Amino acid sequence: MAVNKKQFIKQMAKNGHTTQLACREYLNLALDTFYELLRDGKEIKLYGILSAELKTMPERMARNPQTGKECMVPEHKRVKIKISQTFRDKLND
């Protein structure tokens with residue numbers, strides 16, 4: 001079962017013995033900072049957790065699988081996220 005943002009904040013508040021309002025503000029601040037840094041072209045490295053960077057994907061030809069018709073996919077950006085080995089090890093303990 002997936003945990004949504006509201007449930008995540010509730011669990012965070014419970015674990016941190018603080019209010020959901022404070023947790024929501026901190027989470028929103030962290031996410032806004034994450035977006036801003038990526039938009040500015042900076043790579044984010046949270047050692048022991050993950051690294052993230054914004055990559056520009058070039059324009060390319062693709063094929064619609066339903067019709068078989070070729071179409072052009074425009075240049076776009078995507079986020080490349082790599083989970084650290086430390087994080088993976090903690091999940092497998």
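The following exchange walks through helix 2, the loop before it, the paired strands and the largest pocket of a predicted model.

Biologist: How far apart are the end C-alpha atoms of helix 2?

Modeller: Helix 2 has 20 residues, and at 1.5 Å a residue these should span 28 Å. The expected span agrees with the model, because the end C-alpha atoms of helix 2 are apart by 28 Å.

Biologist: Which residues of helix 2 are buried, and which are exposed on the other side?

Modeller: The buried residues of helix 2 are Ala22, Cys23, Leu27 and Leu38. They cover an arc of only 130 degrees around the axis, so they sit on the same side of helix 2. On the other side of helix 2, the exposed residues are Leu21, Glu25, Leu29 and Arg39.

Biologist: Is His17 buried or exposed?

Modeller: His17 lies in the loop between helix 1 (5-16) and helix 2, and although His17 is not a glycine, its phi is positive, at about 50 degrees. The relative accessibility of His17 is 76%, and the cut-off for the upper class is over 50%. His17 therefore counts as exposed.

Biologist: Which residue in the turn between strand 1 and strand 2 has a positive phi?

Modeller: Strand 1 (residues 44-46) and strand 2 (residues 50-57) pair in the antiparallel sense over 3 bridges, with Ala52 in strand 2 as the bridge partner of Ile44. The two strands form a hairpin with 3 residues between them. In that turn, the residue with a positive phi, of about 85 degrees, is Gly48.

Biologist: Which residue in strand 5 stands opposite Ser51?

Modeller: Strand 2 also pairs with strand 5 (residues 76-83), in the antiparallel sense and over 8 bridges. Within strand 5, the residue that stands opposite Ser51 is Lys82.

Biologist: Which element gives the largest share of the lining of the largest pocket?

Modeller: The largest pocket, with about 270 Å³ of space, is lined by Phe8, Ala30, Leu31, Phe34, Ile44, Leu46, Ile49 and Leu50. Two or more residues of this lining come from each of helix 2 (20-39) and strand 1. The largest share, 3 residues, is given by helix 2.

Biologist: How many residues of the lining of the largest pocket are nonpolar?

Modeller: The lining includes Phe8, Ile49 and Leu50, and the division of its residues leaves no polar and no charged ones. The number of nonpolar residues in the lining of the largest pocket is 8.

Methods. Residues are numbered from 1 along each chain as its sequence is written. This is a predicted model: local features need pLDDT of at least 70, side-chain atom pairs count only at pLDDT 80 or more; totals for chains, interfaces and linings use all residues. Side-chain values use heavy atoms; hydrogens and water are left out. Two strands pair if DSSP finds at least two bridges between them. Helices (H or I, at least four residues) and strands (E, at least two) are DSSP runs, numbered from the N terminus. On a 1 Å grid over the protein atoms alone, a cavity is a set of points where a 1.4 Å probe fits but cannot get out, and a pocket is an open set with protein on both sides within 12 Å along at least five of seven lines; lining residues have an atom within 4 Å of a point. Grid points are joined across faces, edges and corners, and a volume is the space filled by probe spheres set on the points. Ala, Val, Leu, Ile, Met, Phe, Trp, Tyr, Cys and Pro count as nonpolar, Asp, Glu, Lys and Arg as charged, and the others, Gly among them, as polar. The expected span of a helix is 1.5 Å times one less than its number of residues. Buried means under 20% relative accessible area, exposed over 50%, partly exposed in between (1.4 Å probe, protein chains only). The arc is that of the directions from the helix axis to the C-beta atoms.
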